[in-house]
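Here are some quick notes from going through the model, in no strict order. Have the structure open while you read.

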Amino acid sequence: MKIFFDFLASAKLAVWVLVILLVLIALGSVLPQAGSFTPHEIHAWQNQYPLWAKVFVAFEYLNFFSIFQCKIFFLTLGLLFVNLFCCTLKRCLARKEWNYSPFSLTGSGWWGFTILHVALLFMTAGVLIHQKYSDHWKFLVREKMWLEKDMFRQAAHTIPDLEFRLFFHKFQIEYQGDVVTKRSFDLLVQKPYSRPWLTTVAVNKPFTYQGYSFTMDDYGFAPYFRLRHTPSGWQTGPHPAILPPLEKNISDCNIFSFAHELQLRIDIFPNALDAKEGLQHIAYEPQKPVFMLSLWQNKKLLGSQLIQYDISKRQAISCQIGEYEISLTRLDYWCSFLMSYNPMLYFIYFSMWLCIVGFVIRYCRTII
Amino acid sequence: MKTPELVCFWITTAWYLVAFASAIFFVFFAREKLARICTWALRIGCIFHVITFILRWYYAAHVPLSNTYESNLSSSLIAMFIFLALQIIVKNHLAQVAAFASGIVVLVLATGMASDTSLKALSAAYDSYWLFIHVFFAWFAFGCFTVATAFSGVYLTKSYNPKAMTTFYSLEAIDKISYKLVAVGVLFHAVMIVSGAIWAKNLWGHYWSWDPVETWALIAFIGYLVYLHIRSFWKVFGKTAAWMMVLSFIFLLIMFWGLPYIVPNAHLQTPMRK
């Protein structure tokens with residue numbers, strides 16, 4: 001029993017567990033992880049390196065393509081927890097019959113060691129519980145939009161029934177040159193039989209309500225387009241496109257299909273100067289995004305037009321492609337809104353800081 | 001980048017190169033004069049480094065930390081501060097260590113210069129006091145680890161070639177100094193990880209998202225923890241410990257200057273999610 005306990009409490013085990021953890025984490029950062037890659041991409045990756053196919057099969061068997069959720073990773077963390085527990089216990093409990101010398105590290109060394117390892121125990125336990133019970137959900141929200149029970153449920157079945165609903169308004173973006181220096185929106189939280197609560201959510205300033213935290217994430221433009229066939233007067237209702245912000249040096253598009261095999265493609269150009277020939281005459285300004293509208297019928301291009309929308313004026317603009325008139329009726333912003341449930345979060349933070357305190361006490365003499 | 005800053009930057013680099021050259025000559029010829037030249041070159045270089053840092057801060061109107069150039073400028077300055085402070089504490093020119101330290105600092109500055117040096121406003125993502133805590137402690141940790149690795153380099157050179165650097169500290173003393181520096185570095189690195197986790201929660205909604213840079217920061221941290229454990233409990237000193245430190249420093253270099261160029265990630269030098 002003593003030998004087994006000594007082994008579990010040993011620094012040798014600690015070092016080996018740390019080395020295994022190090023290797024697993026390094027593998028996790030090198031191998032494509034299921035969280036960020038699709039199975040198809042992993043398959044393509046395997047095809048790209050056929051010589052390693054057997055290794056990949058073994059990795060797949062061990063679930064290394066989702067390493068941070070695999071059993072081996074959790075087992076290693078569990079073993080670390082046991083090791084921390086035993087080595088702390090060994091130094092905390094004086095057992096004469098076991099011949100331990102709990103004060104082999106004296107004074108600040110003993111206190112530091114104990115605080116550091118107890119904090120690490122807390123942290124590992126907190127992380128394991130958090131990993132098991134935490135959850136997060138992402139929503140794409142637009143200005144003047146309600147987020148309520150049905151939409152929560154539609155977005156993810158794992159969301160429990162929430163009694164409150166959220167209203168988003170006053171999306172604000174401040175620029176300095178082409179850099180976004182401030183981004184925020186007002187959020188109204190409405191709960192039956194209680195007064196509504198108004199708050200502002202900004203980048204780096206999330207808010208917490210009923211155990212859930214709400215974070216502002218990515219954002220972009222949400223222009224509304226209307227298509228009208230001039231001779232017949234046939235028209236479509238305004239369609240909201242979801243396009244990325246100008247700062248990202250990419251162009252993205254939304255495609256809308258209508259009757260008569262008609263397709264409207266809307267591209268946004270982050271920097272008109274870099275985009276395509278013929279765009280050079282348009283000055284790049286974050287407040288004046290440039291959209292390229294292409295109209296296709298039966299997979300044949302009817303024509304393309306560039307329009308530049310002035311956000312400060314907020315006036316509808318339109319252009320003509322063949323027999324069709326395309327109008328940009330209004331421009332809003334969209335934002336991805338992250339809602340998360342993080343049990344034990346503050347406990348993890350507390351234990352992290354406690355680790356640092358323990359480390360300072362443990363090593364203050366060594367350092368000085 | 002404006003002209004006064006550019007001029008100061010090149011003067012800084014030139015003085016560090018003088019320090020590097022004299023330190024290298026000192027290693028071979030062991031002349032006291034060369035060690036003194038090295039120390040003074042480093043001190044003058046450091047003064048111009050501080051001026052460059054202040055000018056950058058003034059022109060950019062924010063703490064220089066928003067891109068690769070600014071990050072490298074600041075981190076190398078802190079590494080140099082730590083080295084010069086150590087010189088004063090131990091009352092020694094440490095010219096052999098300066099050869100490693102100034103070499104690394106010049107490389108870091110050169111990498112920064114090769115990247116985008118344009119002045120930009122601080123984006124909304126960086127507008128958090130946790131960022132300053134996170135980045136400053138990252139730089140302090142990097143400074144400590146850089147100097148500690150320089151000592152390990154000297155240790156390894158001396159242990160493989162006992163005739164080299166005979167005027168320098170004994171192997172035992174070098175080992176002890178680098179151990180102390182690692183202890184301080186691990187402490188700063190821990191504060192960096194904790195503050196980064198809190199900042200990440202506010203910014204991305206997750207305190208830990210296995211971002212490649214985050215992951216390699218943890219790998220380097222575990223590497224140094226292994227080093228501390230094998231030293232404290234297994235009483236492993238000497239070459240093994242020195243190699244362990246060099247390995248951990250490689251992890252650190254991968255984190256700071258390897259991954260941001262290889263893997264797309266929402267960290268450090270790559271543009272942050274706005």
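**Notes on the predicted model**

1. Let's start with a buried asparagine. A:N204 has a relative accessibility of 6%, and since the cut-off for buried is under 20%, it counts as buried. Keep in mind that this is a predicted model. A:N204 sits in the loop of chain A that connects β5 (197–202) with β6 (207–209).

2. The backbone at that spot deserves a look too. Most residues other than glycine have a negative phi. A:N204 is not a glycine, yet its phi is positive, near 75°.

3. What touches B:N202 from further away than four places in sequence? The list is A:N204, A:K205, A:P206, A:T215 and B:W130. So the loop residue from the points above turns up here as a contact of B:N202. B:N202 itself belongs to helix α6 (residues 171–204) of chain B. With a relative accessible area of 19%, B:N202 is buried, as the limit is under 20%.

4. Chain A has another asparagine with a positive phi: A:N298, at about 50°. This one is found in the loop between β11 (290–297) and β12 (300–308) of chain A. Is A:N298 buried or exposed? Its relative accessibility is 51%, and exposed means over 50%, so A:N298 counts as exposed.

5. Now for some helix packing. Two packed helices are described by the angle between their axes and the distance between the axes. In chain A, the axes of helix α2 (residues 11–30) and helix α5 (residues 71–92) come within 10 Å and cross at roughly 155°. Angles over 145 degrees count as roughly antiparallel, and therefore that is the label for α2(A) and α5(A). The crossing of α2(A) past α5(A) is left-handed.

6. Which residues make the contact between α2(A) and α5(A)? From α2(A) come A:L13, A:A14, A:V17, A:L18, A:I20, A:L21, A:L24 and A:I25. From α5(A) come A:I72, A:F73, A:T76, A:L77, A:L79, A:L80 and A:N83. By type, the residues of this contact are 13 nonpolar and 2 polar, with no charged ones.

7. Last, a sanity check on helix α4 (residues 95–114) of chain B. At 1.5 Å a residue, its 20 residues should span 28 Å, and the end C-alpha atoms are 28 Å apart, so expectation and model agree. As for its surroundings, α4(B) is mostly covered, with 15 of its 20 residues buried.

Note on methods
Residues are numbered from 1 along each chain as its sequence is written. Chains are lettered from A and ligands numbered from 1 in the order in which they are written. This is a predicted model: local features need pLDDT of at least 70, side-chain atom pairs count only at pLDDT 80 or more; totals for chains, interfaces and linings use all residues. Side-chain values use heavy atoms; hydrogens and water are left out. Axes are lines fitted to C-alpha atoms, for helices over the stretch in contact, and angles run from 0 to 180 degrees between N-to-C directions. Helices (H or I, at least four residues) and strands (E, at least two) are DSSP runs, numbered from the N terminus. Angles under 35 degrees count as roughly parallel, over 145 as roughly antiparallel, 65 to 115 as roughly perpendicular and the rest as oblique. A crossing is left-handed if the near helix is turned anticlockwise from the far one by less than a right angle, and right-handed if clockwise. Contact means heavy atoms within 4.5 Å. Ala, Val, Leu, Ile, Met, Phe, Trp, Tyr, Cys and Pro count as nonpolar, Asp, Glu, Lys and Arg as charged, and the others, Gly among them, as polar. The expected span of a helix is 1.5 Å times one less than its number of residues. Buried means under 20% relative accessible area, exposed over 50%, partly exposed in between (1.4 Å probe, protein chains only).
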